[in-house]
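Me: I've got this model open and I'd like a close look at one part of it: the packing of the side chains in the interior. Could you walk me through that, rings included, and tie it to the fold around it?

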Amino acid sequence: MRIYAIIFYEDDPVKNTALKMVKAGIARHVTIAFTRHRPVVLNPFSPDYLGPWLRSLVEQKGVLVLDASWKQLAPEKFRKLHGTHVKLPPLLPGNPVNYGKPCMLSSIEAVAATAYITGFTDTYKKLLGLFKWMETFNDLNSELLESYAKAGSMEELINTVREYWGDNPPC
């Protein structure tokens, strides 16, 4: 699974999970111009969920995470990005900054969830090893991730989200 990151440098560089993925050789730092290749773009403002049916697209085009501060994240940052925009189904972050706040995942958590849901379990396991708290992310979400990964369609995924989160999911 190819992972790409656009980094806005709005957070503490020591805690920046996208930079750590790049330094570990797991992700590639790219610019907005890269999106002409039309990767799968993780966009929390998208109306569409990521699901296992996107595995072949993730395999062909890769996945792009936009690394920005949640405080400064806005739909405008995604407007010039070409590709298939999807949001993750609701998950709980295990990172120390946003622990337990539904949907406020770090870049590495978002990419790890993408890997799991689309069936790239080797990549998921690699990402778990980059931060100690990624095990917490796994513990908090293992049942959810497994359920999301089994959805055969958008409708099934939405039903799964409703089953866990009710009629008004947090994201």
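**Rings, cores and one covered helix**

Reply: Lys-87 lies over the face of Tyr-49, at 4.9 Å from the ring centre. Bear in mind that this is a predicted model, so read the geometry that way. A second lysine does something of the kind: the charged end of Lys-77 sits over the ring of Phe-8, with 4.4 Å to the ring centre.

Before going inside, here's the frame. The protein chain has 6 helices and 5 strands, and they come along the sequence as β-α-β-β-α-β-β-α-α-α-α. With 171 residues, the globule rule gives 16 Å and the radius of gyration is 15 Å, so the chain is as compact as a globular protein of that length. Along the principal axes, the C-alpha atoms fill a box of roughly 35 × 35 × 30 Å. Of contacts between residues at least 6 apart in sequence, 72% join residues at least 24 apart. On the outside, about 8,500 Å² is exposed, and carbon and sulfur atoms supply 51% of that. Buried residues account for 51% of the 171.

Now the interior. In soluble globular proteins, nonpolar side chains tend to be buried together. Here the largest nonpolar core has 43 residues, and Met-21, Leu-127 and Phe-137 are the ones with the most contacts inside it. Quite a list of elements gives two or more residues to this core: on the strand side, strand 1 (3-7), strand 3 (40-42) and strand 4 (63-67); on the helix side, helix 1 (17-23), helix 3 (107-117), helix 4 (121-128), helix 5 (134-150) and helix 6 (154-165). The top contributor is helix 3, with 8 residues.

Take Met-21 as a way in. Leaving aside residues up to four places away in sequence, Met-21 touches Ile-26, Ala-27, Val-65, Ser-107, Ile-108, Val-111, Leu-127 and Leu-130. Several of those partners belong to helix 3, where Ser-107, Ile-108 and Val-111 are among the buried residues. There's also a second, separate core of 11 residues, which includes Ile-6, Leu-64, Leu-73 and Phe-78.

Helix 3 deserves a stop of its own. How many of its residues are buried? The count is 11 of 11, so helix 3 is mostly covered. The buried set isn't purely nonpolar by name, either: Ser-107, Glu-109 and Thr-114 are in there, along with residues such as Ile-108, Ala-112 and Ile-117. As for what covers helix 3, its buried residues pack against strand 1, helix 1, strand 3, strand 4, helix 4 and helix 5. Just past the end of helix 3, Gly-119 takes a positive phi of about 90°.

Two other residues have positive phi without being glycine. Cys-103 has a phi of about 80° and lies in the loop between strand 5 (84-86) and helix 3. Arg-38, with phi near 55°, is in the loop between strand 2 (27-29) and strand 3. Their surroundings contrast: Cys-103 is buried, with a relative accessible area of 14%, whereas Arg-38 is partly exposed at 45%.

On to the aromatic rings. A pair of aromatic rings is described by the distance of the centres and the angle of the planes. The structure holds 4 aromatic pairs. In one of them, Tyr-116 and Tyr-124 have ring centres 5.0 Å apart and planes at 70°, so the pair is edge-to-face; the cut-off for that label is over 60 degrees. Both partners are buried: Tyr-116 has a relative accessible area of 19%, which falls under the 20% limit, and Tyr-124 has 4%.

Phe-131 and Trp-133 pair in another way, stacked, at 4.8 Å centre to centre with 25° between the planes. Phe-131 counts as buried at 13% relative accessibility, and so does Trp-133 at 16%.

Tyr-124 leads to one last neighbour. Asn-138 sits in helix 5 and touches Tyr-124 and Leu-128, setting aside residues up to four places away in sequence. Is Asn-138 buried or exposed? Its relative accessibility is 18%, so Asn-138 counts as buried.

How values were computed
Residues are numbered from 1 along each chain as its sequence is written. Side-chain values use heavy atoms; hydrogens and water are left out. Rings of Phe, Tyr and Trp (its six-membered ring) pair if their centres lie within 6.5 Å; planes under 30 degrees apart count as stacked, over 60 as edge-to-face and the rest as tilted. Buried means under 20% relative accessible area, exposed over 50%, partly exposed in between (1.4 Å probe, protein chains only). A charge sits over a ring if NZ of Lys or CZ of Arg is within 6 Å of the ring centre and within 35 degrees of the ring normal. Helices (H or I, at least four residues) and strands (E, at least two) are DSSP runs, numbered from the N terminus. The radius of gyration is taken over C-alpha atoms; the globule rule is 2.2 Å times the number of residues to the power 0.38. Contact means heavy atoms within 4.5 Å. Accessible areas come from the Shrake-Rupley method with a 1.4 Å probe; for residues, only the protein chains shown count as cover. A nonpolar core is a set of buried Ala, Val, Leu, Ile, Met, Phe, Trp, Tyr and Cys residues joined through side-chain atoms within 4.5 Å.
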